[in-house]
Structures are given as C-alpha cells and as structure tokens.
Amino acid sequence: MHRARSVVLTNDELVEVRAAQRTFEGAYMRTALSQFSFALVVLKIFTSEFYSIGALFAIYGAGVLLASLFRRQQGNKQFFSEIGENGLNRKRFRTSGNVVVVLTALSVAAYGGLLGLTLKLGE
C-alpha cells in the first residue's frame with residue numbers, strides 16, 4: 001500500500017495542510033514568475049549592456065523554481081507516520097529550514113552578482 005493512503009487526517013489537519021500548500025507553493029511560484037518577468041523586461045527594453053543583468057534574474061528565477069519544486073516534494077512527506085527507534089508509531093514533521101537556507105544563499109549570490117554587474121556598468 002502506498003504511504004499516502006496510510007495517512008488519516010482530521011478536517012482541521014486537512015485544512016491546515018491545504019493552507020500551507022497554497023501559501024508556500026504559491027509564494028515560491030509567484031517569486032519565480034516575477035523574476036522571469038523582470039528578466040524579460042530587462043532583455044526586451046534595455047540595450048545590450050544590460051543583458052547580463054536580465055540573464056542573472058532569469059537564472060535566479062530558475063533557482064527559485066527549483067527550490068519551489070524541492071519544497072513541494074518535502075511538503076508531501078511531512079505528515080506521514082513512521083515507526084520510531086523505540087518501535088512506537090510516531091508522526092514525522094520536517095520544517096522547511098533547508099529550503100530557506102538554499103533560498104537565502106541563492107538570493108545573496110544573485111544580489112551580490114547584481115551589485116557587481118551594476119558597478120561594472122559605470123566603468
């Protein structure tokens with residue numbers, strides 16, 4: 001039997017899971033789409049010296065999209081029961097800390113790159 005069928009959630013827990021999915025998955029997807037849109041605006045409107053900035057934001061959007069997919073995969077696993085070390089049945093919950101660390105590193109790198117590219121434009 002598939003593990004997903006082994007989960008028995010109350011109505012309140014089901015509402016909680018759906019709200020978390022709408023909040024987190026929607027936020028990551030909206031962020032990725034906004035980065036792609038900004039990249040497209042930069043690539044279409046500005047001159048060729050700004051293309052590297054547009055490419056940077058396209059890459060950043062792709063990174064956020066990949067983090068969104070990873071968060072979704074982790075979120076699908078967080079409410080399953082498993083047998084603990086002591087042999088008792090326990091519910092497993094995993095926070096999204098790994099995704100937050102990855103997104104923080106990705107954002108710092110992207111904005112560091114943006115700062116470097118902006119300073120390079122002035123030369």
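This briefing walks through the fold, the confidence, the aromatic pairs and a few individual residues of the chain. Keep in mind that this is a predicted model. The chain has 123 residues, and 24% of them are buried. Its secondary structure adds up to 3 helices and 2 strands, and the order from the N terminus is α-α-β-β-α.

**Confidence**

- Averaged over the chain, pLDDT comes to 80, and 77% of the residues reach at least 70.
- Helix α3 (residues 97–121) has the highest mean pLDDT among the elements, at 90.
- At the other end sits strand β1 (residues 81–83), with the lowest mean, 62.
- A word of caution for anyone picking out coordinates: where pLDDT is low, they should not be read in detail.

**Contacts and surface**

- If you take the contacts with a separation of 6 or more, 61% of them are between residues 24 or more positions apart.
- The accessible surface of the chain is about 8,800 Å², and carbon and sulfur atoms account for 64% of that.
- Val-41, Ile-45 and Phe-46 make a nonpolar surface patch of about 290 Å².
- Val-41 belongs to helix α1 (residues 11–45) and is partly exposed, with a relative accessible area of 38%.
- Phe-46, another member of that patch, is also partly exposed, as its relative accessibility is 40%.

**Aromatic pairs**

- The whole structure holds 5 aromatic pairs.
- One of them joins Phe-38 and Phe-57, edge-to-face, with 4.9 Å from centre to centre and 80° between the planes.
- Phe-38 sits in helix α1 and Phe-57 in helix α2, so this pair ties together parts that are 19 residues apart in sequence.
- The two partners differ in burial: Phe-38 is partly exposed at 40% relative accessibility, while Phe-57 is buried at 6%.
- Phe-46 and Phe-50 make up a tilted pair, because their ring centres are 5.1 Å apart and their planes meet at 45°.
- Phe-50 is partly exposed, with 24% relative accessibility; that puts Phe-50 above the 20% under which a residue counts as buried.
- There is a cluster too: ring pairs link Phe-38, Phe-57, Tyr-60 and Tyr-111.

**Two buried residues in helix α2**

- Ser-68 lies in helix α2 (residues 51–77) and is buried, with just 4% relative accessible area.
- Leaving out residues up to four places away in sequence, Ser-68 touches Glu-25, Tyr-28 and Met-29.
- Ala-67 is in helix α2 as well, and at 6% relative accessibility Ala-67 counts as buried.
- With that same exclusion of residues up to four places away in sequence, Ala-67 touches Val-99 and Leu-103.
- Met-29 turns up again here: Ala-67 and Met-29 are 38 residues apart in sequence, yet their C-alpha atoms are 9.6 Å apart in space.

Notes: Residues numbered from 1 in each chain as written. Predicted model: local features only at pLDDT ≥ 70, side-chain atom pairs only at ≥ 80, totals over all residues. Heavy atoms only, no water. Helix = DSSP H or I, 4+ residues; strand = E, 2+ residues; numbered from the N terminus. Buried < 20%, exposed > 50% of the residue type's maximum accessible area, 1.4 Å probe, protein only. Contact = heavy atoms within 4.5 Å. Patch = residues over 30% accessible without salt bridge, like charges linked within 9 Å, V, L, I, M, F, W, Y side chains within 5 Å. Areas by Shrake-Rupley, 256 points an atom, 1.4 Å probe, with all protein chains shown as cover. Salt bridge = Lys/Arg side-chain N within 4 Å of Asp/Glu carboxyl O. pLDDT = per-residue confidence, 0-100. Phe/Tyr/Trp six-rings, centres within 6.5 Å; stacked < 30°, edge-to-face > 60°.
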